[in-house]
Amino acid sequence: MLLHDVADRLNAVADHLPLPDQIQPEPALSEMLDDEVRHLASLLTYLVGETAFRHRAAARYPTRVTATDRRTTLALARAAEPTGAALAALGAAVHHLGLHADLTHQAPGPARTRAIASAQGLVDRIGESRTCLARAAKHLRAAADARATPAVTAPSPPTASATASRTR
C-alpha cells in the first residue's frame, strides 16, 4: 500500500505539469513550477527519510526485518534517483523560464533567437521531468505488485485428541 501511495503522489505531480503543447513561458507557468517543485521536493525528502529510517531500523533490529521490508526499502531508495532527476529537470525548466523572460526584453536580434531556443529547452525539461516521474511511479508499482502474496493453506483436519476434547 505504501509503494502504491507514493507512486500515486508522484503521478499527481506529473499530472499537474503541462503537456508540451500547453507550455507557455508566462508568469502562470512559474507559479505552477513553484508549486510542483515544492511538492516534488517534499516527496524526495519523504523517500530519503523513509529509506534512512528503514535502514536504521534494520541495523538496530536485524531479526525483525523481513524480505518484504527489504524489498520495500529498496524500492523507495530506487525511486529517489528518478525523483531527484525529475526535480533537477524542473530546476532546469525554471532556469530556462527565467532566461526566456530576460531575453524577451532584449532588442530584436540574436538575443531573441536565444529566447526561442530557451523556450524549447523549457518544454524539453518539463517533458523530462514527467518522464522521470512516470518511471519512478512505474518502478514503485512494479515493486509493490511483485511482493509475494502468502499462500492460502487449507485448515488441517482436527486431530483425534482435539475432537475428543470437544465431545466431552
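In the predicted model, helix α2 contributes four residues to the lining of the largest pocket, the largest share from any element. Both α2 and α3 supply at least two residues of this lining. The pocket has a volume of about 180 Å³, and its walls are formed by R54, H55, A57, A58, Y61, R64, V65, D69, R70 and T73.

Two of these lining residues, Y61 and R64, are also paired through a charge placed over an aromatic ring: R64 lies over the face of Y61, at 4.6 Å from the ring centre. A second arrangement of this kind involves R9, which is positioned over the face of Y46 at 5.6 Å from the ring centre. Pairing between aromatic rings was examined as well. Such a pair is described by the distance of the centres and the angle of the planes. With ring centres required to lie within 6.5 Å, the count of aromatic pairs is zero.

The largest nonpolar core comprises 30 residues, of which L10, L29, L33, I126, L133 and L140 touch the most other members. At least two residues of this core are supplied by each of α1 (2-16), α2 (27-60), α3 (67-103) and α4 (110-146). The largest share, nine residues, comes from α4.

The surroundings of L29 illustrate the contacts made by one of these core residues. When residues up to four places away in sequence are not counted, L29 touches P18, I23, Q24, L97, L122 and I126. Among these partners, I126 is itself listed with L29 as one of the core residues that touch the most other members.

Methods:
Residues numbered from 1 in each chain as written. Predicted model: local features only at pLDDT ≥ 70, side-chain atom pairs only at ≥ 80, totals over all residues. Heavy atoms only, no water. Core = buried A, V, L, I, M, F, W, Y, C linked by side-chain atoms within 4.5 Å. Buried < 20%, exposed > 50% of the residue type's maximum accessible area, 1.4 Å probe, protein only. Contact = heavy atoms within 4.5 Å. Phe/Tyr/Trp six-rings, centres within 6.5 Å; stacked < 30°, edge-to-face > 60°. Lys NZ or Arg CZ within 6 Å of the ring centre and 35° of its normal. 1 Å grid on protein atoms, 1.4 Å probe; cavity = no way out; pocket = protein on both sides within 12 Å on 5 of 7 lines; lining within 4 Å. Points joined across faces, edges and corners; volume = space filled by probe spheres on them.
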